[in-house]
Amino acid sequence: MGGAFNSLVTSLVENIIMPILSLVTGKIDFSNLFIALDGNTYKTLAQAQKAGASTINYGLFVTGLLNFIIVAFVIFMIVKAMNKLREKTEKTVEEKTTKKICPYCQSEISIQATRCPHCTSQLEK
């Protein structure tokens, strides 16, 4: 499940977000943003790798960082939704254990009550 989600996010970043981001930043191709450590200049990362130059691929790092941020945000939203769901179920259980129904007037009363505050009936324990 995690691998499928990761490939989905990678596809989202590479095929949708990065082209939009490159359009906004002046058609920069993030996959070709690199620094060649041998002192020469290369037009593309493939040319630098073909020449055997060591490179710092900061464009690929930006893409990976975007992948991470999206995955982290989605996981955060899932955990937040799970916590809300758990709070609702805890409140429901808590309400059920602190209230009971008077057998005579059917009013909701405290579970610790020995006499109904509505009909004043003596309650059995």
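Helices here are DSSP runs of H or I with at least four residues, and strands are runs of E with at least two, both numbered from the N terminus. By that reading the protein has three helices and four strands, which follow the pattern α-β-α-β-α-β-β along the sequence. The radius of gyration, taken over C-alpha atoms and set against a globule rule of 2.2 Å times the number of residues to the power 0.38, is 31 Å, well over the 14 Å that the rule gives for 125 residues, so the protein is more spread out than a compact globule. Along its principal axes, the C-alpha trace spans about 95 × 25 × 25 Å.

Please keep in mind that this is a predicted model, in which local features need pLDDT of at least 70 and side-chain atom pairs count only at pLDDT 80 or more, while totals for chains, interfaces and linings use all residues. Residues are numbered from 1 along each chain as its sequence is written, and side-chain values use heavy atoms, with hydrogens and water left out.

Let me turn to two residues of helix 3. F61 is found in helix 3 and is exposed, with a relative accessible area of 58%, whereas T63, which also lies in helix 3, is buried at 11%; buried means under 20%, exposed over 50% and partly exposed in between, with a 1.4 Å probe and protein chains only. Leaving aside residues up to four places away in sequence, T63 touches V13, E14, M18 and F30, where contact means heavy atoms within 4.5 Å. Across the protein, buried residues make up 18% of the 125 residues.
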